[in-house]
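Here's a small set of exercises to work through with the structure open beside you. Try each task on your own before reading its solution.

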There are 2 protein chains.
Amino acid sequence: MMERQEMPKTYKQVVRFVKDQIRDGALSPGDKLPTERVLAETLGISRNSVREGLRVLENIGVVSSMHGSGNFISLNFDETMSEMLGFMYFLKGVNEDKVAEFRWMIEREALPLAILRITPEEKQAVMHTVHCLEEAQTEEERLEYDRTLHELLVQASGNDFLISNYKALMSFIDRYIQSMRKRIIEGMESRNMLELAHRKLAEGLVECDLDKSRSGLEEHIGYTAMF
Amino acid sequence: MMERQEMPKTYKQVVRFVKDQIRDGALSPGDKLPTERVLAETLGISRNSVREGLRVLENIGVVSSMHGSGNFISLNFDETMSEMLGFMYFLKGVNEDKVAEFRWMIEREALPLAILRITPEEKQAVMHTVHCLEEAQTEEERLEYDRTLHELLVQASGNDFLISNYKALMSFIDRYIQSMRKRIIEGMESRNMLELAHRKLAEGLVECDLDKSRSGLEEHIGYTAMF
DNA sequence: AGAAATTTGTTCGTATGTATA
DNA sequence: TTATACATACGAACAAATTTC
């Protein structure tokens with residue numbers, strides 16, 4: 001009759017230590033951690049165990065290790081999350097339709113929240129972006145501004161879950177689904193419709209007109225497979 | 001004039017190796033990895049570096065290390081993602097309202113997809129769960145069946161992004177936001193209303209009636225702060 | 001049941017490359 | 001340029017848990 005004894009592994013002490021330090025405000029992004037030797041001595045463990053812990057933290061996006069210089073706090077989860085998402089969905093078999101499906105879901109849900117919470121600065125950014133979008137000469141530029149516009153929309157929702165998911169998703173798309181970025185509107189006709197949709201979406205946001213921006217978004221979805 | 005030479009760290013070889021093996025189908029969940037010593041020799045690196053890589057993989061949820069036994073493939077991202085979400089939103093300052101907001105967004109978006117894609121088996125599970133829910137005697141049971149019902153809904157949507165996010169979110173709620181689990185319906189009146197909402201949601205799903213299930217969901221949201 | 005072999009967990013020592021003053 | 005501090009990486013050893021014979 002063996003009781004399942006959950007032995008905590010040594011390297012986790014390091015993870016916990018750093019996390020706690022961050023939580024308590026003792027460590028902030030950019031700060032330098034104690035050297036590995038000091039850390040090892042402090043926690044009463046070996047340097048290898050310290051390193052295993054640091055590798056984990058590095059991979060999570062909490063720590064950045066610089067050869068010869070030291071270990072530093074660097075909070076960039078989005079990259080990490082997108083990497084994880086990428087691997088997850090790579091294994092499960094990426095279905096591009098599902099990816100697009102999820103993207104539009106996020107934007108649809110973000111919209112009403114954005115209408116409620118959008119700030120004057122964000123409104124200005126939205127109008128500026130849609131203006132640049134209309135003036136853009138190359139397809140590259142258009143893609144970039146298009147992307148920015150949609151990111152602004154999600155950003156304005158003010159819901160961190162939505163925002164992080166969206167960032168991770170877009171980063172994921174960039175990395176793993178090149179084909180999506182290549183689907184570009186070809187006909188002049190549909191491009192005009194797309195610009196109209198963009199403008200409607202943007203103006204609706206600025207005017208806090210849910211129906212208007214929503215119909216702009218729906219048209220956007222209709223006129224493009226993905227972008 | 002030094003060109004920034006991006007030196008790949010040794011431990012990443014292990015991460016790549018395992019990921020590739022999984023991608024190519026050479027390794028599947030449950031399979032045993034080569035021993036650390038063999039891995040080290042195979043890749044021409046030290047065992048310490050192998051271990052650093054394995055720790056990373058373990059923390060991502062790709063590998064499970066068993067003392068004295070070996071390293072095994074175990075694809076359980078949900079736990080990992082919830083842990084990451086937990087830490088992220090812990091740092092950003094968890095706002096319970098935002099969490100709830102995100103949860104209902106997922107369910108709202110999952111609903112129409114579930115209506116389209118739900119399988120007969122899932123329908124049966126839904127009806128069984130709602131039946132158990134109505135027969136349940138204790139608050140504990142009700143919470144459990146309630147949770148199952150909503151998970152079935154999201155599951156039936158067939159969108160892995162939604163599913164993983166939902167699982168991670170619920171796991172996150174369990175771990176970090178105890179207060180939410182404690183918000184239990186007290187009055188008999190509202191409990192009846194809640195049961196009605198549940199039944200409507202379930203029947204709508206089974207009958208593929210979007211409006212019915214949607215109104216059930218909306219009522220559910222209305223009658224409970226979170227659960 | 002028990003002993004031996006296997007495998008991971010952990011530590012120490014050492015050498016090397018890199019950054020910084 | 002030199003010296004120091006630091007991360008990177010390797011190898012060997014022993015402990016602890018598991019498997020095998």
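**Exercise 1: the hairpin of chain B**

Which residue in β2(B) does Ser64(B) stand opposite?

*Solution.* A word of caution before you start: this is a predicted model.

Step 1. Find strand β1 of chain B, residues 63-66, and its antiparallel partner β2(B); 4 bridges join the two.

Step 2. Look across from Ser64(B), and you land on Phe72(B).

Step 3. Now check the turn. There are 3 residues between the strands of this hairpin, and Gly68(B) has a positive phi near 80°.

**Exercise 2: the hairpin of chain A**

Find the partner of Ser65(A) in β2(A), then work out which residue of the hairpin takes a positive phi.

*Solution.*

Step 1. In chain A, β1 covers residues 63-66 and runs antiparallel to β2(A), with 4 bridges joining them.

Step 2. Opposite Ser65(A) you'll find Asn71(A).

Step 3. With 3 residues between β1(A) and β2(A), the one to pick out is Gly68(A), whose phi is positive and near 85°.

**Exercise 3: around the DNA**

Describe what surrounds DNA strand C, then do the equivalent for DNA strand D.

*Solution.*

Step 1. Start with strand C, which has 19 residues around it. The closest are Ser46(A), Asn48(A), Ser49(A), Gly68(A) and Thr35(B).

Step 2. Ask which elements give two or more residues to that surface: they are α3 (47-60) of chain A, plus α2 (36-43) and β2 (70-73) of chain B.

Step 3. Sort the residues near strand C by class, and you get 2 nonpolar, 13 polar and 4 charged.

Step 4. Move to strand D, surrounded by 17 residues, of which Thr35(A), Thr10(B), Ser46(B), Ser49(B) and Gly68(B) are the closest. Here β2 (70-73) of chain A and α3 (47-60) of chain B are the elements giving two or more residues.

Step 5. The class count near strand D is 2 nonpolar, 13 polar and 2 charged.

Step 6. Link this to the hairpins: Gly68(A), with its positive phi, is among the closest residues to strand C. Gly68(B), also with a positive phi, is among the closest to strand D.

**Exercise 4: chain A as a whole, and one bent helix**

Sketch the layout of chain A, then find where α5(A) bends.

*Solution.*

Step 1. Count the elements: 11 helices and 2 strands. Along the sequence they read α-α-α-β-β-α-α-α-α-α-α-α-α.

Step 2. Get a feel for the packing. Of the 227 residues in chain A, 36% are buried. Take the contacts between residues at least 6 apart in sequence, and 65% of them join residues at least 24 apart.

Step 3. Zoom in on α5, residues 96-117 of chain A. Its 22 residues reach 31 Å from first C-alpha to last, close to the expected 32 Å.

Step 4. Follow α5(A) to Leu111(A), where there's a bend of about 35°; a proline, Pro112(A), follows within four residues.

Step 5. Leu111(A) is also one of the buried residues of α5(A), which include Val99(A), Phe102(A), Arg103(A), Glu107(A) and Ile115(A).

**Exercise 5: where the two protein chains touch**

Which element of chain B gives the largest share of the side that touches chain A?

*Solution.*

Step 1. The contact takes 32 residues from chain B and 32 residues from chain A.

Step 2. On the chain B side, the elements with two or more residues are α1 (11-23), α3, α4 (77-92), α5 (96-117) and α8 (160-176).

Step 3. The winner is α4(B), with 9 residues.

Step 4. By class, chain B's side has 17 nonpolar, 5 polar and 10 charged residues.

**Exercise 6: buried or not?**

Why does Val99(B) count as buried, and why does Cys208(A) count as partly exposed?

*Solution.*

Step 1. Val99(B) sits in helix α5 of chain B. It counts as buried because it has 22 C-beta neighbours inside 10 Å, and the cut-off is 20 or more.

Step 2. Cys208(A) lies in the loop between α10 (188-206) and α11 (210-223) of chain A. Cys208(A) counts as partly exposed because it has 13 C-beta neighbours inside 10 Å.

Step 3. Check the backbone too: phi of Cys208(A) is near 55°, a positive value in a residue other than glycine.

Note on methods:
Residues numbered from 1 in each chain as written. Chains lettered and ligands numbered in written order. Predicted model: local features only at pLDDT ≥ 70, side-chain atom pairs only at ≥ 80, totals over all residues. Near = placed C-beta within 6 Å. Nonpolar A, V, L, I, M, F, W, Y, C, P; charged D, E, K, R; others polar. Buried ≥ 20, exposed ≤ 12 C-beta atoms within 10 Å, placed from the backbone. Contact = placed C-beta atoms within 7 Å. Expected span 1.5 Å × (residues − 1). Bend = angle between axes of the 7 residues up to and from the residue. Pairing = 2+ DSSP bridges.
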